[in-house]
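Here is a short briefing to read alongside the model. Please have the sequence and the 3D view open as you go through the points.

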Amino acid sequence: MTGTLNSLSDKALTDLPATVGKPAYNRADLKTGIIHLGIGAFHRAHQAVYTENILQDDPSWGITGVSLRSPDTRNALAPQDYLYSVAVRDGAGEKLHVIGCLTDILVAPENPEAVLQAMCQPDIRIVTLTVTEKGYCYAPASRTLDESNSDIIHDLKHPHAPRSAPGFLVEAIRRRHASGLQPFTVLSCDNLPANGETLKRITLRLAELTNPELGRFIAEHVAFPSSMIDRIVPATTDQDRASVSRALNVKDQWPVCTEPFSQWVIEDHFPSGRPSWEKSGASFVRDVAAFELMKLRLLNGSHSTLAYLGFLAGHKTVSATMAAADFKTFIRAMMDEEITPTLPALPDFDLSTYKDQLIERFCNPALHHRTAQIAMDGSQKLPQRLLNTIQNRLLAGQSFDRLALGVAAWMRFVTGKDENGQAIDIRDPLRDQLLQATAGLTTAQDILNVLLAFDSIFASELTQNARFKAVTLQQLETLLTNGATKTVQDFKSVNTKA
Ligand code: CS2
């Protein structure tokens with residue numbers, strides 16, 4: 001039982017089993033060079049690991065994590081000296097590595113001033129972010145700041161004690177500039193299209209609303225490189241905590257569990273310096289756009305489609321969905337026939353191996369990635385994952401039936417009732433509006449009409465396109481009549497030209 005185990009700590013590092021990886025540097029030598037906003041599981045299994053692996057060469061890149069919402073991660077990790085383990089799992093078993101790169105965790109709502117002070121330390125050269133799509137406080141369809149967002153309204157009134165990620169960036173950049181410190185580089189590590197450019201547009205707009213001169217400074221002097229990040233990291237469960245703790249022989253209150261695959265492609269634009277992340281396997285390139293589109297459309301577009309269809313079909317995890325009849329064929333055909341032709345060429349990159357790997361990753365039986373987890377925040381994810389791809393297909397006069405079924409499955413999901421009439425626990429910033437709009441509706445036409453009116457999701461190029469509406473309507477009708485399992489099994493591409 002884990003209750004009787006000692007807690008993970010600096011002191012306990014020496015007692016770990018020999019098979020467990022641990023910091024290869026002296027943690028007492030660490031300096032903090034990076035502030036990370038959004039200290040969730042994804043960061044701890046991805047950027048933190050790339051950073052961990054270069055600290056032996058350069059201990060100046062320790063990371064202070066910031067939670068913009070809940071104190072849970074801090075409460076779990078502070079008593080264990082901010083150490084935690086990464087469990088890499090596949091069908092062959094599990095490898096454990098204890099990560100030591102976190103120097104502190106701050107909880108923004110408890111003390112926003114402490115976060116700003118940390119961001120304004122002279123040694124801070126990079127601020128990284130994984131705050132999820134909704135943390136950018138933007139309208140996904142237009143990729144512009146949502147000035148009606150309650151956190152943005154707050155930050156405009158109280159710019160010196162912000163709540164939102166863009167609010168913290170603007171105020172910290174202002175303070176550094178005022179005290180003559182070099183600005184940090186801002187590195188978005190979220191699944192947004194053109195994530196650096198998008199974050200720059202949002203940050204600039206927020207700054208301009210209160211301080212046009214600061215807006216100009218940001219436009220000219222702050223770097224926002226884009227990056228493509230990839231690693232599947234399901235939410236940690238109590239069972240994971242117990243099994244990892246047993247394997248470590250010390251109690252880890254918040255390990256992260258992930259897959260062997262990991263990828264990070266970064267635009268090389270860091271005027272204030274950067275870690276040699278390439279030594280840990282990251283790729284630095286001049287332009288990330290093609291990698292980003294590939295990943296958002298092939299991985300995330302397929303993931304969301306599998307999540308909504310799989311959930312409706314009664315499957316709890318992605319791997320269970322992939323094991324159900326015809327889902328694998330359906331998703332591979334969506335990748336090959338509908339998504340791949342929309343992607344820009346990536347010289348020297350083998351796309352078909354990439355897709356083989358994706359299928360294998362989705363099938364990883366050791367991950368237990370819940371369909372309900374991926375289904376969260378669909379209103380923030382749909383444009384970059386499915387809708388922009390559909391727009392490209394429409395322009396080219398090509399079919400998009402499978403992509404439309406993905407969108408229809410989201411529409412069916414946000415009506416809030418599953419195929420057995422049971423309530424679905426919708427988690428989405430637009431939850432109330434979506435449930436209210438669809439309440440009592442039973443026909444595909446009515447559901448489609450009310451949902452297409454959400455203009456932060458659906459661009460006018462789509463809502464005014466008769467073909468988009470007709471194809472999506474047809475998929476939604478089939479889904480409502482036949483259910484997800486049969487719809488996927490019967491799937492035949494209509495393959496008509498516009
Ligand atoms: C997933 C992603 O939860 C989701 O929406 O699609 O978090 C996905 O696992 C990662 O982007 C993989 O890199």
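**Two domains and a ligand**

Domain 1 and domain 2 together bury about 2,400 Å², with 59% of that on carbon and sulfur atoms; buried area here is the accessible area (1.4 Å probe) that two parts lose on being put together, summed over both. This is a predicted model, where local features need pLDDT of at least 70, side-chain atom pairs count only at pLDDT 80 or more, and totals for chains, interfaces and linings use all residues. Residues are numbered from 1 along each chain as its sequence is written, and side-chain values use heavy atoms, leaving out hydrogens and water.

**The domains**

- The chain divides into domain 1 (2-285) and domain 2 (289-489), with bounds from an automatic or database domain assignment.
- Taken over C-alpha atoms, the centres of domain 1 and domain 2 are 29 Å apart.
- At the interface, 32 residues of domain 1 are in contact (heavy atoms within 4.5 Å) with 33 residues of domain 2.

**The shell around the ligand**

- The ligand is surrounded by residues with a heavy atom within 4 Å of it, among them Asp230, Arg231, His303 and Arg385.
- Each of domain 1 and domain 2 supplies at least three residues to this shell.
- By type, the shell has three nonpolar residues (from Ala, Val, Leu, Ile, Met, Phe, Trp, Tyr, Cys and Pro), five charged (from Asp, Glu, Lys and Arg) and four polar (from the others, Gly among them).

**Polar contacts and cover**

- Polar contacts are pairs of N or O atoms within 3.5 Å; within protein, one must be able to donate a hydrogen and the other to accept it, and residues adjacent in sequence count only if both atoms are side-chain atoms.
- A polar side-chain atom of Asn191 sits 2.9 Å from a ligand oxygen atom.
- For Asn300, a side-chain N or O atom is 3.0 Å from an oxygen atom of the ligand.
- For Lys381, the distance from a polar side-chain atom to a ligand oxygen atom is 2.8 Å.
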